[in-house]
Every structure is written in C-alpha cells, then in structure tokens.
Amino acid sequence: MPTVTAVSPSSGPIAGGTPVTITGTNFVDINTSTGVTVGGTAATNVVVVSETSITAVVPAGSIGTVDVVVTGVGGTSSTAGTGNDYRYFGIPAVDSIAPTAGPLGAG
C-alpha cells in the first residue's frame, strides 16, 4: 500500500497549476491518470519518478486545506490527519489605497 509522507510545496493558489513532489513509499503500479487526487480532483501530469517520489500538477481548488490521496494496486494512502496536506490560498487583491498621495521625501 502506498504511504504519503510529504507534499512539497505544501500550498499554492486556488487556480491550481502548482507542480508538487509527493514523497512516500510503495509508489509502484500507480495509475498516472487517476492515482493522485488533491482535494478529490485528479492531479495532472502525474509521473512516478521512483518507488518513493511522484511529481504532479495540482488542480484548481477552493481556499482551505485538502487531502492528497495516492492510489495504487495495493491500496490508498491519504494525508488526512498527518499534517502533510495541501493548502489552497487566495491571491490577495487590493481594493483601495489610502491616502492616495504622499510626500516625495518619504515619511
């Protein structure tokens, strides 16, 4: 059964597209189209690099922390409750700036 021990980086924007490396054990016979999900959605460009490393691209998601799940012939491993989850964050947006002008000399 696969075991996930780390996801790096462990966070990214809600738009997805972040390449991650998943570290663990028993990453053999992983289906590269359905074997890795992030927050319940299949990751893309999944490559089983070795028995202990997978690279993938995170799909779009919603703000918050989600499970990373690796499924292989021997079973399924989830990051739930391990502290190795993935966190989606929103991109900060500026609504206004006050004051809108200031002195040239700083301060």
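This is a short talk through a few strands, a core and two single residues of one structure.

Okay, hi everyone. One thing before we start: what we have here is a predicted model.

Let's begin in the middle of things, with strand β9, which covers residues 68-72. Is it enclosed or open to the outside? Well, four of its five residues are buried, so β9 is largely enclosed by the rest of the structure.

Who are its partners? On one side of the story there's β10, and β9 pairs with β10 in the antiparallel sense, over four bridges. The two are joined by a hairpin that runs through two residues. If you want a spot to find on screen, look for Val70, which stands opposite Ser77 in β10.

Then there's β4, residues 36-38, which also runs antiparallel to β9, with three bridges joining them. The pair to look for here is Val38, opposite Val68 in β9.

While we're at β10, have a look at how its side chains alternate. Gly75 and Ser77 point to one face and are buried. Thr76 and Ser78 point to the other face, and those two are not buried.

Now, back to Val70, as we'll need that residue for the core. The largest nonpolar core has 18 residues. Which residues have the most contacts inside it? Those are Ile22, Val38, Ile54, Val70 and Tyr86. As for where the core comes from, β1, β3, β4, β7, β9 and β11 each supply at least two of its residues. As a general point, nonpolar side chains in soluble globular proteins tend to be buried together.

Val70 has quite a list of contacts beyond its sequence neighbours, if you skip anything up to four places away: among them are Pro2, Val4, Ile22, Phe27, Ile30 and Ile54. Gly75, Thr76 and Ser77 are on that list too.

Tyr86 takes us over to β11, where Tyr86 is the bridge partner of Val66. That's part of the pairing between β8 and β11, antiparallel, with three bridges. Zoom out a little and you get an open sheet of three strands, in the order β2-β11-β8, with mixed pairing. The edge strands are β2 and β8, each pairing on one side only. From one strand to the next, the twist averages 30°.

Right before β11, in the loop that comes after β10, sits Asp85. Here's a slightly odd one: Asp85 is buried, yet has no salt bridge. How far away is the nearest side chain of opposite charge? That's Arg87, and it is 10 Å away. What Asp85 does touch, leaving out residues up to four places off in sequence, is Ser10, Thr65, Val66, Asp67, Thr79 and Ala80.

Last stop, Val49, in strand β6. Buried or exposed? Val49 has 52% relative accessibility, so it counts as exposed. Apart from neighbours within four places in sequence, Val49 is in contact with Ile54 and Thr55, and Ile54 is one of those core residues from earlier. And Val28, 21 residues away in sequence, is 9.8 Å from Val49 in space, C-alpha to C-alpha.

That's my tour, thanks!

Technical notes: Residues numbered from 1 in each chain as written. Predicted model: local features only at pLDDT ≥ 70, side-chain atom pairs only at ≥ 80, totals over all residues. Heavy atoms only, no water. Buried < 20%, exposed > 50% of the residue type's maximum accessible area, 1.4 Å probe, protein only. Lys, Arg positive; Asp, Glu negative; His and termini not counted. Salt bridge = Lys/Arg side-chain N within 4 Å of Asp/Glu carboxyl O. Contact = heavy atoms within 4.5 Å. Pairing = 2+ DSSP bridges. Core = buried A, V, L, I, M, F, W, Y, C linked by side-chain atoms within 4.5 Å. Axes fitted to C-alpha atoms, helices over the stretch in contact; angles between N-to-C directions.
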